[in-house]
Amino acid sequence: MQTRRTFAASACLVALAVKSAQAHAILQESDPVQDGVVPKGFVGITLRFNSRIDRSRSRLLLIAADRQSLPMAIANGGPPDIVHTGLDLAPGKYTVRWSVLATDGHLTRGDLRFEVKDP
């Protein structure tokens, strides 16, 4: 009897741990890639997460090497785990500071660094 209770308690703890691990949106892929180099001109920025994202409450901020920043609009539509935007960029180093809200209510933040160069 004690063994069954121990097993049941362990199973509950494992289930809670799995649920907690899935609670935050984790960046799975990006384009451009972290520390990547892209040609100047229009640069599409795509971030794919491990969970659905609430786009209306998520934010993207572009930070240039001179520390000037520009909020970027997140495109509507597409898969629910993707955040996409794009703009024309001159050569230089940039950081996209992202803050996304997973549909379960957890906020996650991170930075994506890349460089734009002349072709």
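This briefing describes two sheets and one residue of the structure above. The model is a predicted one, and the strands discussed here belong either to an open sheet of five strands or to an open sheet of three strands. The residue picked out for a closer look is T85, which sits in strand β6.

**The five-strand sheet**

- Reading across this open sheet, the strands come in the order β2-β8-β7-β4-β5, and their pairing is mixed.
- The edges are held by β2, which covers residues 36–39, and by β5, which covers residues 69–72, and each of these two strands pairs on one side only.
- Going from one strand to the next, the twist averages 30°.
- Within this sheet, strand β4 (residues 59–64) pairs with strand β7 (residues 92–101) in the antiparallel sense, and six bridges join the two.
- To follow this pairing at the level of residues, one can start at L60, whose bridge partner in β7 is W98.

**The three-strand sheet**

- The other open sheet has its three strands in the order β1-β3-β6, and the pairing is antiparallel.
- Because β1 (27–31) and β6 stand at the edges with a single partner strand each, one side of each is left without a neighbour in the sheet.
- On average, neighbouring strands of this sheet are turned by 15° against each other when direction is ignored.
- Strand β3, made of residues 41–49, pairs with β6 in the antiparallel sense over eight bridges.
- Two residues that illustrate the link to β6 are L47, whose bridge partner there is V83, and F42, whose bridge partner there is D88.
- Strand β3 also pairs with β1, again in the antiparallel sense, over four bridges, and E29 has R48 as its bridge partner in β3.

**A closer look at T85**

- T85 lies in strand β6, which runs over residues 82–89, and β6 is an edge strand of the three-strand sheet.
- Is T85 buried or exposed? With a relative accessible area of 7%, T85 counts as buried, because the limit for that word is under 20% relative accessible area.
- The side chain of T85 reaches the backbone oxygen of A73 at a distance of 2.6 Å.
- Leaving aside residues up to four places away in sequence, T85 touches V43, G44, I45, L60, M72 and A73.
- Among these contacts of T85 is L60, the residue already met as the bridge partner of W98 in the five-strand sheet, while A73 is both touched by T85 and reached by its side chain through the backbone oxygen.

Notes:
Residues are numbered from 1 along each chain as its sequence is written. This is a predicted model: local features need pLDDT of at least 70, side-chain atom pairs count only at pLDDT 80 or more; totals for chains, interfaces and linings use all residues. Side-chain values use heavy atoms; hydrogens and water are left out. Two strands pair if DSSP finds at least two bridges between them. Axes are lines fitted to C-alpha atoms, for helices over the stretch in contact, and angles run from 0 to 180 degrees between N-to-C directions. Buried means under 20% relative accessible area, exposed over 50%, partly exposed in between (1.4 Å probe, protein chains only). A polar contact is a pair of N or O atoms within 3.5 Å; within protein, one must be able to donate a hydrogen and the other to accept it, and residues adjacent in sequence count only if both atoms are side-chain atoms. Contact means heavy atoms within 4.5 Å.
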